[in-house]
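Take a look at the model below. This report walks through its cysteines, its strands and its nonpolar cores.

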Amino acid sequence: MGKNLLPVDIRDVYQVEERHHACSILKIDFPAQWKDLVEVLRAFKLRKSELSKPGGNKSPIAKGLNGLFFDRGWVEKSFDIKVTADGVETLAPTHHVDYYKDRVAVETEWNNKDPFFDRDLTTFRLLFELNVLSVGVIITRADELQDLFFEVGKKTAAGQATTHMSKLIPKMYNRASGGCPVLAFGITKKKYDAHS
């Protein structure tokens with residue numbers, strides 16, 4: 001039932017996967033974040049003009065998602081974690097998420113190398129185990145978008161080692177996120193606007 005909680009129009013234009021009842025938890029326990037997520041997913045447009053631009057540090061597509069989340073009060077957040085062993089306090093690596101709002105984290109992986117999924121899921125697992133995160137969300141691209149990269153002349157972005165759903169799903173089911181509920185959205189061609 002979980003994915004069926006999402007509005008039909010969202011399920012129609014995104015490939016959706018979930019683990020550990022993420023949809024149910026998000027919709028029932030975090031209705032404000034659920035509403036924000038649905039609104040962002042609806043508002044997001046995959047424009048040809050942005051797809052063909054060079055990415056640099058952050059692609060125009062990732063920047064567009066930034067604005068949609070930040071406008072709704074989500075923040076980029078780093079978590080400094082301290083570990084104590086035999087009374088000696090040490091710092092563990094800092095864990096960072098793209099967008100965070102009241103126990104829900106969202107990561108966007110538009111065009112990275114697929115090991116970034118491991119990093120995201122491990123971060124979700126750790127933050128969940130430390131009781132500061134209840135649900136993790138990843139927004140990436142559906143495999144079918146690989147063809148679009150070829151169409152707009154960005155062949156290097158369409159490699160098999162880049163971030164897309166067929167790289168993420170096995171990692172979700174291999175328990176990389178531990179017990180953390182995870183919801184993943186793959187942007188499909190139905191969100192593509194070839195005329196803008």
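A search of the whole structure turns up 0 disulfides. A disulfide is a covalent bond between the sulfur atoms of two cysteines. Keep in mind that this is a predicted model.

**Three buried residues**

Buried means under 20% relative accessible area. Cys23 has 0% relative accessibility, so Cys23 counts as buried. Cys180 is buried too, because its relative accessible area is 0%. Leu65 has 5% relative accessibility, and therefore also counts as buried.

| Residue | Relative accessibility | Class |
|---|---|---|
| Cys23 | 0% | buried |
| Cys180 | 0% | buried |
| Leu65 | 5% | buried |

**Around Leu65**

Where does Leu65 lie? Leu65 is part of helix 5. Set aside its neighbours within four places in sequence, and Leu65 is in contact with Val40, Phe44, Tyr99, Thr108 and Ile139. Now compare positions along the chain and in space. Leu65 and Leu41 are 24 residues apart along the chain. Their C-alpha atoms are separated by 8.9 Å.

**Strand 8 and its partners**

Is strand 8 mostly covered or mostly uncovered? Strand 8 is mostly covered, with 7 of its 7 residues buried. Val135, Val137, Ile139 and Arg141 point one way from the strand. Gly136, Ile138 and Thr140 point the other way. Residues on both sides are all buried.

Which strands pair with strand 8? Strand 7 does so in the parallel sense, over 5 bridges. In this pairing, Val106 stands opposite Val137 of strand 8. Strand 9 also runs parallel to strand 8, and 6 bridges join the two. Here Arg141 stands opposite Ile187 in strand 9.

**The nonpolar cores**

The largest nonpolar core has 36 residues. Which of them touch the most other members? They are Tyr14, Leu26, Leu46, Val137, Leu183 and Phe185. Several elements each supply at least two residues of this core, including helix 1 (8-13), helix 5 (60-70), strand 7 (104-108), strand 8 (135-141) and strand 9 (182-187). The largest share, 5 residues, comes from helix 3.

Apart from this core lies another, of 18 residues. Phe79, Val97, Tyr100 and Leu127 are among them.

Look last at Leu46. Not counting residues up to four places away in sequence, Leu46 touches Leu51, Ile61, Trp110, Leu145, Leu148, Ile187, Lys191, Tyr192 and Asp193.

Definitions and conventions:
Residues numbered from 1 in each chain as written. Predicted model: local features only at pLDDT ≥ 70, side-chain atom pairs only at ≥ 80, totals over all residues. Heavy atoms only, no water. Core = buried A, V, L, I, M, F, W, Y, C linked by side-chain atoms within 4.5 Å. Buried < 20%, exposed > 50% of the residue type's maximum accessible area, 1.4 Å probe, protein only. Helix = DSSP H or I, 4+ residues; strand = E, 2+ residues; numbered from the N terminus. Contact = heavy atoms within 4.5 Å. Disulfide = S-S within 2.5 Å. Pairing = 2+ DSSP bridges.
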